[in-house]
Amino acid sequence: MAPSDDMLNDDDYPAYTMGRAAEIVGASQDFLRRLDEAKLITPFRSAGGHRRYSRYQLRLAARARDMVDQGTALEAACRIIILEDQLEEALQHNRNHQRLQQTDAS
């Protein structure tokens, strides 16, 4: 079954094999495995057990690769990225909450 356009436009759709993901990120397949071990990304698994990656996961992997290339330890890079994403999510939640309060006050 071919993926629909909606799936291909979905940042979370696991469209990329490990080999293709490594090529896109500019890293080795072992690097991607290490990101999984460090809990930065958990690839989806195909019915045959093969790792599949989404565009969102590839962006995280690319951020980690850039940080590692600049001398940051892999585990530290993963932790920094996780914390940055958690902070951004909390800030977005706070902005949404403030908008709702302003709407209710009007």
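Me: Angles under 35 degrees count as roughly parallel, over 145 as roughly antiparallel, 65 to 115 as roughly perpendicular, and the rest as oblique. Which of these words describes H4 and H5?

Reply: One caveat before we start: this is a predicted model. Helix H5 covers residues 74–105, and H4 packs against H5 at an angle of about 130° with the axes 9 Å apart. H4 and H5 are therefore oblique to each other. The crossing of H4 and H5 is right-handed.

Me: Which residues of H4 and H5 make the contact?

Reply: On the H4 side you'll find Tyr56, Leu60, Arg63, Ala64, Met67 and Val68, and on the H5 side Leu74, Ala77, Ile80, Ile81, Glu84 and Asp85. Sort the residues of the H4–H5 contact by class and you get 9 nonpolar, no polar and 3 charged.

Me: Let's try another helix pair. At what angle do H2 and H4 pack?

Reply: Helix H2 takes in residues 18–25, and its packing angle with H4 is about 50°, the axes being 9 Å apart. Run that through the angle classes and H2 and H4 are therefore oblique to each other. The H2–H4 crossing is right-handed. Ala21, Ile24 and Val25 of H2 meet Leu58, Ala61, Ala62 and Arg65 of H4. This H2–H4 contact divides into 6 nonpolar residues, no polar ones and 1 charged.

Me: And how do the axes of H3 and H4 cross?

Reply: The H3 and H4 axes cross at roughly 105° and come within 11 Å. H3 and H4 are therefore roughly perpendicular to each other. Phe31, Leu32 and Leu35 supply the H3 side, while Ala61, Ala64, Arg65 and Val68 supply the H4 side. Here too we can count classes: the residues of the H3–H4 contact are 6 nonpolar, no polar and 1 charged.

Me: Let me zoom in on H3. Is Leu35 buried or exposed?

Reply: The cut-off you need is that buried means under 20% relative accessible area. Leu35 comes out at 0%, so Leu35 counts as buried. Leu35 sits in helix H3, residues 29–37. Skip its neighbours within four places in sequence, and Leu35 is in contact with Leu40, Ile41, Ala61, Ala64, Leu74 and Cys78. For a sense of scale, the C-alpha atoms of Leu35 and Gln98, 63 residues apart along the chain, are separated by 35 Å.

Me: What about Leu32: buried or exposed?

Reply: Leu32, also found in H3, has a relative accessible area of 0%, so Leu32 is buried. Beyond its neighbours within four places in sequence, Leu32 is in contact with Met18, Ala21, Ala22, Tyr53 and Ala61. Leu32 and Val68 are 36 residues apart in sequence, and C-alpha to C-alpha they are 13 Å apart in space.

Me: How does Arg33 of H3 count by relative accessibility?

Reply: Arg33 belongs to helix H3. At 31% relative accessibility, Arg33 counts as partly exposed. Outside its neighbours within four places in sequence, Arg33 is in contact with Met18 and Arg51. Arg33 and Arg51 are 18 residues apart along the chain, with their C-alpha atoms separated by 9.4 Å.

Me: Now the sheet. In what order do the strands come?

Reply: Start with the general idea: strands of a sheet pair through backbone hydrogen bonds, either parallel or antiparallel. In this model there is an open sheet of 3 strands, ordered S1-S3-S2, with antiparallel pairing. Strands S1 (16–17) and S2 (44–45) stand at the edges with a single partner strand each, so one side of each has no neighbour in the sheet. S2 pairs with strand S3 (residues 51–53) in the antiparallel sense over 2 bridges. Look for Phe44, which stands opposite Arg52 in S3.

Me: Which helix lies across S1, S2 and S3?

Reply: That's H4 (residues 55–69), which runs at about 85° to S3.

Me: Last one, on backbone angles. What is phi of Lys39?

Reply: Generally, most residues other than glycine have a negative phi. Lys39 has a positive one, near 70°. Lys39 lies in the loop between H3 and S2. With a relative accessibility of 63%, Lys39 counts as exposed.

Technical notes
Residues are numbered from 1 along each chain as its sequence is written. This is a predicted model: local features need pLDDT of at least 70, side-chain atom pairs count only at pLDDT 80 or more; totals for chains, interfaces and linings use all residues. Side-chain values use heavy atoms; hydrogens and water are left out. Helices (H or I, at least four residues) and strands (E, at least two) are DSSP runs, numbered from the N terminus. Buried means under 20% relative accessible area, exposed over 50%, partly exposed in between (1.4 Å probe, protein chains only). Contact means heavy atoms within 4.5 Å. Two strands pair if DSSP finds at least two bridges between them. Axes are lines fitted to C-alpha atoms, for helices over the stretch in contact, and angles run from 0 to 180 degrees between N-to-C directions. A crossing is left-handed if the near helix is turned anticlockwise from the far one by less than a right angle, and right-handed if clockwise. Ala, Val, Leu, Ile, Met, Phe, Trp, Tyr, Cys and Pro count as nonpolar, Asp, Glu, Lys and Arg as charged, and the others, Gly among them, as polar.
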